[in-house]
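Welcome, and please load the model in your viewer. We will go from one selection to the next and look at what is there.

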Amino acid sequence: MKVRLMRRLERLLKKCRKLKEPGAGTAQEYNDNLRQLGYQLLELYIKGKISIEDDIIQIAAEADQLNISGFIKEAGKYFSYKKNNGENAKFSEAIASCLMDFYNIVVESDNGYHVSYYYYRGDNKPQGVPGALSDLILKLFGICYEYEIDIETVMTEKYELCKKNYLN
């Protein structure tokens with residue numbers, strides 16, 4: 001994804017340079033391309049893909065990106081599976097708490113919107129199938145954190161097996 005975004009930036013830069021030449025295009029085309037370039041840079045900056053310091057733009061290294069284990073640790077800060085008395089909930093109770101999230105995914109998929117469509121309500125929380133799926137995934141990550149499940153390692157192994165079986 002990072003490569004695709006950077007290529008798009010390069011294309012926009014080249015297009016802006018060409019449009020700057022006399023007779024190459026209209027002032028409106030030039031302004032529109034500059035606006036798109038600005039939006040792309042802002043999007044990369046907001047997503048943490050680039051940083052701007054001392055007039056230097058730095059591309060974030062892959063190592064700087066949050067991996068699954070890091071995401072699980074972050075999710076673990078916000079999802080707690082404790083009973084009212086402070087004890088940890090049983091694993092089966094924590095998993096059972098995900099059933100409502102599965103139900104929400106089904107309900108959202110039956111709303112008539114495409115499953116990739118998401119929307120916002122007054123609470124600025126993403127809704128729709130993507131919002132319900134993210135609730136479930138974050139809850140599962142919190143469970144993995146709480147019960148010290150190294151899901152990244154297992155997912156990697158399963159992925160490699162699937163790849164191997166697919167290629168054979």
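Helices (H or I, at least four residues) and strands (E, at least two) are DSSP runs, numbered from the N terminus. This is a predicted model, in which local features need pLDDT of at least 70 and side-chain atom pairs count only at pLDDT 80 or more, while totals for chains, interfaces and linings use all residues. Residues are numbered from 1 along each chain as its sequence is written, and side-chain values use heavy atoms, with hydrogens and water left out.

**Stop 1: Lys139 and Asp101**

Select Lys139, which you will find in helix α6. Is Lys139 buried or exposed? Its relative accessible area is 17%, so Lys139 is buried (buried means under 20% relative accessible area, exposed over 50%, and partly exposed in between, with a 1.4 Å probe and protein chains only).

Now add Asp101, which sits in helix α5 (residues 99–109). Asp101 is buried too, since its relative accessible area is 7%. Draw a distance between the two side chains: a polar contact of 2.9 Å joins Lys139 and Asp101. A polar contact is a pair of N or O atoms within 3.5 Å; within protein, one must be able to donate a hydrogen and the other to accept it, and residues adjacent in sequence count only if both atoms are side-chain atoms.

Next, show the surroundings, where contact means heavy atoms within 4.5 Å. Leaving out residues up to four places away in sequence, Lys139 touches Phe79, Tyr81, Ser97, Cys98 and Asp101. With neighbours within four places likewise set aside, Asp101 is in contact with Asp135, Leu136 and Lys139.

**Stop 2: α5 against α6**

Zoom out to the two helices that carry this pair. The axes of α5 and α6 are 8 Å apart, and the helices pack at an angle of about 170°. Here axes are lines fitted to C-alpha atoms, for helices over the stretch in contact, and angles run from 0 to 180 degrees between N-to-C directions. α5 and α6 are therefore roughly antiparallel to each other (angles under 35 degrees count as roughly parallel, over 145 as roughly antiparallel, 65 to 115 as roughly perpendicular and the rest as oblique).

To see the contact, select Asp101, Phe102, Asn104, Ile105, Glu108 and Ser109 on the α5 side, and Gly128, Val129, Ala132, Leu133, Asp135, Leu136 and Lys139 on the α6 side. Colour the contact of α5 with α6 by residue type and you get 6 nonpolar, 3 polar and 4 charged residues. In this count, Ala, Val, Leu, Ile, Met, Phe, Trp, Tyr, Cys and Pro are nonpolar, Asp, Glu, Lys and Arg are charged, and the others, Gly among them, are polar.

**Stop 3: α3 against α6**

Keep α6 on screen and select helix α3 (residues 68–76), where Gly70, Ile72, Ala75 and Gly76 are buried. Which helices help to cover the buried residues of α3? The cover includes α6 and α7.

The axes of α3 and α6 cross at roughly 90° and come within 8 Å. That makes α3 roughly perpendicular to α6. On the α3 side the contact is made by Ile68, Phe71, Ile72, Lys73, Ala75 and Gly76, which meet Leu138, Phe141, Gly142, Cys144 and Tyr145 in α6. These residues divide into 8 nonpolar, 2 polar and 1 charged.

**Stop 4: aromatic rings**

How many aromatic pairs does a search of the whole structure find? There are 5 aromatic pairs. Rings of Phe, Tyr and Trp (its six-membered ring) pair if their centres lie within 6.5 Å; planes under 30 degrees apart count as stacked, over 60 as edge-to-face and the rest as tilted.

Select Phe91 and Tyr147, an edge-to-face pair with 5.4 Å from centre to centre and 85° between the planes. Phe91 belongs to helix α4 (residues 91–96) and Tyr147 to the loop between α6 (128–146) and α7 (151–167), so this pair links parts of the chain 56 residues apart. Phe91 counts as partly exposed at 40% relative accessibility, and Tyr147 counts as partly exposed at 23%.Move on to Tyr117 and Tyr119, whose ring centres are 5.9 Å apart with planes at 25°, so the pair is stacked. Tyr117 is partly exposed at 39%, whereas Tyr119 counts as buried at 13%. Add Tyr113 to the selection: Tyr113, Tyr117 and Tyr119 form one aromatic cluster.

**Stop 5: two positive phi values**

Most residues other than glycine have a negative phi. Select Glu148, which is not a glycine but has a positive phi of about 55°. Glu148 lies in the loop between α6 and α7 and counts as exposed at 73% relative accessibility.

Finish at Asn124, in the loop between β3 (118–120) and β4 (126–127). Its phi is also positive, near 55°, and Asn124 is exposed, with a relative accessible area of 61%.
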